[in-house]
Amino acid sequence: EGAQATPLDSSIARTRLAYRPLMASADAPSPAAVPTASQALSGEGDVPPPSIPGGTEPTPEAAASAEGEPETAPAPSPSEAEKADAVVTSKRLHAEGPCQVLHLAEDGRLLLSVGGDGRLAGVDVAEEASDESATVPPPLRSWSSRLVSASSAALTAAAVSVDRAWLATGQESDTGFGVWVSGLDERTGRPTGLPKLVARFTLPVRELQWHPTKPLLGMAADDGKLSVWDRSPDVSGPRRRDFDKASCAGGGVRCLAFDPLGELLAAAFASGALVVYDLLEGINRYSCNLWPKSVIGRERLSIAWRPDGSSLALPGDAAVRLVLRKDLEGEAAGRSPGRSPGRGPSAFAKLTSLEGGHRHSTSTAAWSSGGYLLATASCDGVALWLVPPSEGSEPLAAAKLARVCRLDAQPVSLVWSGDSIIAVGTEKGCWARLLAPTPDAVKALRSGGGSPTKSPQTEGAAADGSAADGSADVELAGAATGPHGAADENV
């Protein structure tokens with residue numbers, strides 16, 4: 001008091017005044033507790049708006065004051081409760097880092113994943129309790145195996161072959177960056193034998209992917225190299241083959257995707273370029289600048305071919321984009337193979353955008369085995385799209401948003417088991433299991449009898465794994481159980 005305030009002091013005073021309304025006060029209402037899945041479906045209790053990550057818990061005084069308020073908001077009706085966000089609770093598998101789900105068996109039993117702790121974890125999903133009221137909690141993991149031996153080594157990428165016979169890992173150590181391949185036990189999925197070094201790079205390996213039908217391993221690295229390694233026993237020449245960069249491709253390779261038909265290889269580069277190569281000849285069939293430039297190793301991206309190879313899903317924006325196979329081939333678009341068609345999305349003959357499922361940029365996409373369901377993920381949740389059959393007359397633009405599911409952590413990886421189950425890996429080393437619509441529900445949604453989610457801001461996924469009345473449900477459902485700590489070891 002009585003002193004002349006300096007500009008810095010005035011700045012501090014204004015800052016304190018600006019943040020003062022955010023502090024808890026005795027007359028501030030307390031946010032309601034997040035409802036359970038059963039409450040969200042039945043309409044019991046108050047359903048609050050979605051919580052903001054990083055928010056603080058209300059003080060006991062504020063909670064007591066809120067309980068004593070004479071005027072309280074009325075409880076929502078069941079119809080309103082069904083539209084509320086029911087957050088699916090994920091279960092921890094890894095002590096640190098994100099959880100990358102690698103494989104989920106066709107019968108939905110065995111799940112394999114890797115994490116920032118450098119471990120390969122296996123879970124027998126059949127042992128999971130199907131009822132939320134079960135008294136015995138499900139196992140966090142059936143077993144785990146350390147993949148990196150040295151304390152200074154780090155796991156940068158991993159992939160499991162479709163037949164669950166091979167495991168590939170990208171590792172960073174004091175000696176450099178490399179890709180290692182080892183066998184897996186057919187029944188348990190545990191690594192067998194000593195891993196074999198198959199490739200070296202000058203920067204970390206960003207993504208690994210096995211071909212769905214051929215004995216090929218695709219490798220994408222931050223040093224800009226895109227390579228394919230052949231594990232066939234009768235290879236006469238070199239097993240490793242490198243692909244040349246297109247003129248518009250620069251920086252590291254963010255991700256790759258094998259064409260299920262065995263003809264094409266798509267890759268996304270840090271410069272924002274999408275390049276489609278001829279897998280056999282190694283030439284550039286199509287290239288285009290589709291995304292903004294990205295920092296190497298910072299932003300995740302995973303593109304995915306439809307199981308029949310008819311189209312390619314391209315996340316990276318809030319609207320997921322689909323492009324037909326014929327529009328990625330030079331002859332069909334009126335261009336010779338290897339020639340760049342131009343810059344920007346307009347270079348595509350046709351580009352379909354799926355809008356309304358996400359508010360933020362998507363990072364990964366995954367198709368169901370039948371190819372009629374597409375799951376996409378961003379920091380705001382997982383969206384499920386019903387895509388018209390490729391052999392039908394409906395265009396891709398007729399795709400419908402079936403459901404949006406909120407999780408308690410940011411999803412980073414998606415893996416399907418058939419057409420019914422989706423395994424989601426999260427940024428916090430956890431995983432969640434989501435159930436897709438039944439075939440009858442899909443038929444009802446195609447005919448217009450269902451009520452698909454229109455806005456991800458107001459609707460989330462049911463978390464009990466079944467429809468309330470036992471009938472076919474068009475909504476995406478998730479199995480939710482209580483969270484568990486990270487200190488648990490092998491069960």
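In this predicted model, strand β27 and strand β28 (residues 430-435) pair in the antiparallel sense, and five bridges hold the pairing. Within this pair, the bridge partner of Gly-425 is Trp-431 in β28, and Ile-421 has Leu-435 of β28 as its bridge partner. The two strands form a hairpin with three residues between them, and here Gly-429 takes a positive phi near 80°. As background for a reader new to sheets, strands pair through backbone hydrogen bonds, in either a parallel or an antiparallel sense.

Strand β27 also has a partner in strand β26 (residues 411-417): six bridges join the two, which run antiparallel. One of the matched positions is Trp-416, whose bridge partner in β27 is Ile-422. Once again a hairpin makes the connection, with three residues between β26 and β27. In that turn, Gly-418 has a positive phi of about 65°.

Strand β28, in turn, pairs with strand β1 (residues 91-92) in the antiparallel sense over two bridges. Here the bridge partner of Lys-91 is Trp-431 in β28. Trp-431 is thus a name to remember, for it is the bridge partner of Gly-425 and of Lys-91.

How many residues of β27 (residues 421-426) are buried? The count is six of six, and the strand is described as mostly covered. In a regular strand, side chains alternate between the two faces of the sheet. For β27, one side carries Ile-421, Ala-423 and Gly-425, while the other carries Ile-422, Val-424 and Thr-426. Residues on both sides are all buried, and both faces of the strand are covered. Strand β28 is largely enclosed by the rest of the structure, because five of its six residues are buried.

These strands lead naturally to the nonpolar core. In soluble globular proteins, nonpolar side chains tend to be buried together. The largest nonpolar core of the model has 21 residues, and the members that touch the most others are Leu-414, Trp-416 and Ile-422. Several elements each supply at least two residues of this core: β23 (373-378), β24 (381-386), β25 (400-405), β26, β27, β28 and α5 (439-446). The surroundings of Leu-414 can be followed residue by residue. Leaving aside residues up to four places away in sequence, Leu-414 touches Thr-364, Ala-366, Ala-375, Thr-376, Ala-377 and Val-382, and also Ile-422, Ala-423 and Val-424.

Another part of the chain offers an open sheet of four strands, in the order β2-β3-β4-β5 and with antiparallel pairing. Its edge strands are β2 (99-104) and β5 (143-146), each of which pairs on one side only. On average, neighbouring strands of this sheet are turned by 20° against each other, direction ignored. Inside the sheet, strand β3 (residues 110-115) and strand β4 (residues 119-124) run antiparallel and are joined by five bridges. Among the matched residues, Leu-111 has Val-123 in β4 as its bridge partner.

Charged residues add a further set of links. Side chains of opposite charge can pair when their charged atoms come close. The model has a count of eight salt bridges. In one of them, the side chains of Arg-206 and Asp-222 meet at 2.5 Å, N to O. This pair links distant parts of the chain, 16 residues apart: Arg-206 lies in strand β10 (residues 205-210), and Asp-222 lies in the loop between β11 (216-221) and β12 (226-230). Are these two partners buried or exposed? Arg-206 counts as partly exposed because its relative accessibility is 27%, whereas Asp-222 is buried, with a relative accessible area of 8%.

A second salt bridge joins Arg-240 to Asp-242, with the closest N and O atoms 3.1 Å apart. Arg-240 is partly exposed at 25% relative accessibility, and Asp-242 is partly exposed with a relative accessible area of 43%.

Another salt bridge brings together the side chains of Arg-325 and Asp-259 at 2.7 Å, N to O. The partners come from distant parts of the chain, 66 residues apart, with Arg-325 in the loop between β20 (320-324) and β21 (352-354) and Asp-259 in the loop between β14 (253-258) and β15 (264-269). Arg-325 counts as buried at 10% relative accessibility, and Asp-259 is buried with a relative accessible area of 0%. Salt bridges with shared partners join Asp-259, Glu-263 and Arg-325 into one network.

Terms used
Residues numbered from 1 in each chain as written. Predicted model: local features only at pLDDT ≥ 70, side-chain atom pairs only at ≥ 80, totals over all residues. Heavy atoms only, no water. Pairing = 2+ DSSP bridges. Axes fitted to C-alpha atoms, helices over the stretch in contact; angles between N-to-C directions. Buried < 20%, exposed > 50% of the residue type's maximum accessible area, 1.4 Å probe, protein only. Core = buried A, V, L, I, M, F, W, Y, C linked by side-chain atoms within 4.5 Å. Contact = heavy atoms within 4.5 Å. Salt bridge = Lys/Arg side-chain N within 4 Å of Asp/Glu carboxyl O.
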